[in-house]
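The exercises below are meant to be worked through with the sequence and the model side by side. Each one sets a task, and a solution then follows step by step.

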Amino acid sequence: MFDNKTGCSVSRLIFCSAHRVVFSRFCSPCDIKELFCTALGLPRNTNVSLLDSTGELFQNVLTQVAEQFSRAFKINELKTEVTNRLAMLEKRVELEGMRVVEIEKCRSDIKKLREEMASRNNRSQNNRKHFSLFLEDNKKLTPRRDVPSTPRPHVSCLEHMYHDLGLVKDFNINPITLKRWLLCIHDNYRNNPFHNFRHCFCVTQMMYSMICLCSLQEKFTQVDILILMTAAVCHDLDHPGYNNTTELAVRYNDISPLENHHCAVAFQISPSPTANILLPTSTPRPSADTPGRAGTITLILATDMARHGEILDSFKQKVDCFDYTDEEHVTCLKMVLIKCCDISNEVRPMEVAEPWVDCLLEEYFMQSDREKAEGLPVAPFMDREKVTKPTAQIGFIKFVLIPMFETVMKLFPQIEEVMVQPLRESRDRYEELKQIDDAMNEVRGFCTNACMSV
C-alpha cells in the first residue's frame, strides 16, 4: 500500500482467522473491498490482495467458482453443441452449394441435348426422301448415338431424373453419394457396341418418360418408382457383349446367367455407403431396403428375353381387371415396364433407332464370328451371312414389340400416339425396305444369270 506520510510503498501482510461471511447478492466488489479495509483499519483507497496461508492467490477458489459456473450453465456442453452445429451447417452449406452447381450443370446439359435432338429431328424431316438413302450405291447409315460418348451429360441427366422424381428428397440420398454411385455405374459398363452405358442411359430415360407420361407416381409408391429407375440403371451392368458365357452359365445353373450377373454387380459395385445408394446408411430411410433390393433383382431378372412369353402372358391375364392394390399385379406391371424400356429403341425417331440396330447387329456378328472360328453352332439371327436389318427387325417388331406395347396400352391409352404408333410406322418402313431389298436381289440374280448365259 502507499504511505502518505513517507511517500513510500508499504506492504503489510495481515493474517485473518477464518470466519463465515455472507454477502448480499446486491453487494458490489467495491463494497466488499471497503468492508475489508474497515475491518483491518486501513484507508478505503488501499490496494488489497487476498492470499492463502501458502502465499498464493486464491486460485483454487477461483477454479472452483469457474467449475460451479460451468456446471450451472453447462458451458462445455453448449460449446460442444455449438461446435457440432457449426460443423453441420458448414457441411450443409458445402453440399447445397455443390448441389446448386450440379443442378445448373444438369440444366445446361439437358438444354444442349434437347437442342441437338431438335436439330437432328429437323434435318431428318427435311431430308427424308422415301428411303432413297438405301438405293444409292448400297449406302448404310453411319452408326450414330443419340447421346454423347462422354459420361458427364449422361450422369447429369440421370441425377436430374432422380431429383425430379423426388427420390433424392424422399429417401434422403446425399447428392454427392448419388453422383459417385452413377459414376461407379458408368465405370462398370463395358465398351461394347450395344450393351454399354449409352444403352443404360436410353433405357433409364425411357423409364423416366413412362413414369411421367403414365402418371405412375399417382399409382405406385415412391419405393416402386425407386425400384423402376434403379433397375433400369443397373440392368446390364458388366455385360460382356455376348450371351454364351459358359462361366456364368455354370455359376448360375443356366438360369438367366447374364441377368443374375448384372444383379450381383449392382449390389457389389461399391463397398462404401458413401458411393452406393443401394447400401443402407446410418440415416433413417423408409422401411424399404429389403423390398427395394428384392424388387430391383426381380426387375433385372425380368429382362431375360427367354422369359418374355411367360411374363407377357401373365400380364395379359391381369390387365383387363388390373388392381393397383394387389402386389402381384403391380410387380407384374413393373416387370413389363422394364421389358418395354429395355427394347424400346424402335419407339424413337428413325435417325436415332436405326444406328442402334447397327450396333446390336455388330455385337451379334462379333459373337457369331467367334463361334464359327471355334466350330460352335451359330444362331441364325446372329449370322452376318443371313441377316439384314429389315429381316432382323420386322419379326421382332411385329411379334415382340407391338404385342407387348399394345397390351400396356390397354392400361395406359396415352402411350398409343407416342410409342405404339411409331412402332407401327417402323414396322411398315422395314417391310418397304425388305421389298426394295428383294427387288434388288431379284435384279442382281437376273443380271448374273444373263451374264452366265452369254
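**Exercise 1. Which residues form a nonpolar patch on the surface, and how is Val82 placed within it?**

Solution. Keep in mind throughout that the model is predicted. Step one is to find the patch, which consists of Val82, Leu86 and Leu89 and has about 270 Å² of accessible area together. Step two is to place Val82, which belongs to helix α3, residues 75-127. Step three is to check its exposure: the relative accessible area of Val82 is 46%, and since a patch residue needs over 30%, Val82 passes that cut-off.

**Exercise 2. Describe the span of helix α15 and locate its kink.**

Solution. Begin with the ends: α15 covers residues 389-411, 23 residues in total, and its first and last C-alpha atoms are 32 Å apart, which is close to the 33 Å expected at 1.5 Å a residue. Then follow the axis along the helix, where a kink of about 45 degrees is centred on Ile397.

**Exercise 3. Which residues of the largest nonpolar core touch the most other members, and which helix gives the most to this core?**

Solution. The largest nonpolar core has 84 residues, and within this set Tyr162, Trp181 and Phe405 touch the most other members. Sorting the core by helix then shows that α15 gives the most, with 10 residues. Apart from this core lies another one, of 5 residues, including Phe194, Cys202, Val352 and Trp356.

**Exercise 4. Work out which parts of the chain are linked by the salt bridge between Lys389 and Asp358, and decide whether each partner is buried or exposed.**

Solution. As background, side chains of opposite charge can pair when their charged atoms come close. Here the side chains of Lys389 and Asp358 meet with an N to O distance of 3.1 Å, which satisfies the limit of 4 Å for a salt bridge. Next, place the partners: Lys389 is in helix α15 and Asp358 in helix α14, residues 350-373, so that the pair, 31 residues apart, links distant parts of the chain. For the accessibility, the cut-off for a buried residue is under 20%; Lys389, at 12%, is therefore buried, and Asp358, at 15%, is buried as well. Finally, widen the view, and Glu354 is found to be linked with Asp358 and Lys389 in a network of salt bridges.

**Exercise 5. Set out the salt bridges of Glu431 with Lys398 and of Asp438 with Lys434, giving the helices and the exposure of each partner.**

Solution. Take Glu431 and Lys398 to begin with: their side chains meet in a salt bridge at 3.8 Å, N to O. Glu431 is in helix α16, residues 415-453, while Lys398 is in helix α15, and the pair links distant parts of the chain, 33 residues apart. Glu431 is partly exposed at 27% relative accessibility, and Lys398 is partly exposed at 34%.

Turn now to Asp438 and Lys434, whose closest N and O atoms are 3.1 Å apart in a salt bridge. Because they are 4 residues apart in helix α16, these two residues are separated by about one helical turn. Asp438 is partly exposed, with a relative accessible area of 38%, and Lys434 is partly exposed at 32%.

**Exercise 6. How many residues of α8 are buried, and what span does the helix have?**

Solution. Helix α8, residues 222-234, reaches 18 Å from its first C-alpha to its last, close to the 18 Å expected at 1.5 Å a residue. Of its 13 residues 11 are buried, so the helix is mostly covered. Among the buried residues are Asp224, Thr230 and Cys234.

**Exercise 7. Where do Ser215 and Asp254 lie, and what is the phi value of each?**

Solution. Ser215 lies in the loop between α7 (197-213) and α8, and its phi is near 50 degrees, a positive value in a residue other than glycine. Asp254 is found in the loop between α9 (246-251) and α10 (257-266), and has a positive phi of about 65 degrees although it is not a glycine. As a last step, check the exposure: Ser215 is partly exposed at 26% relative accessibility, whereas Asp254 is exposed, with a relative accessible area of 62%.

How values were computed
Residues numbered from 1 in each chain as written. Predicted model: local features only at pLDDT ≥ 70, side-chain atom pairs only at ≥ 80, totals over all residues. Heavy atoms only, no water. Expected span 1.5 Å × (residues − 1). Bend = angle between axes of the 7 residues up to and from the residue. Patch = residues over 30% accessible without salt bridge, like charges linked within 9 Å, V, L, I, M, F, W, Y side chains within 5 Å. Areas by Shrake-Rupley, 256 points an atom, 1.4 Å probe, with all protein chains shown as cover. Buried < 20%, exposed > 50% of the residue type's maximum accessible area, 1.4 Å probe, protein only. Core = buried A, V, L, I, M, F, W, Y, C linked by side-chain atoms within 4.5 Å.
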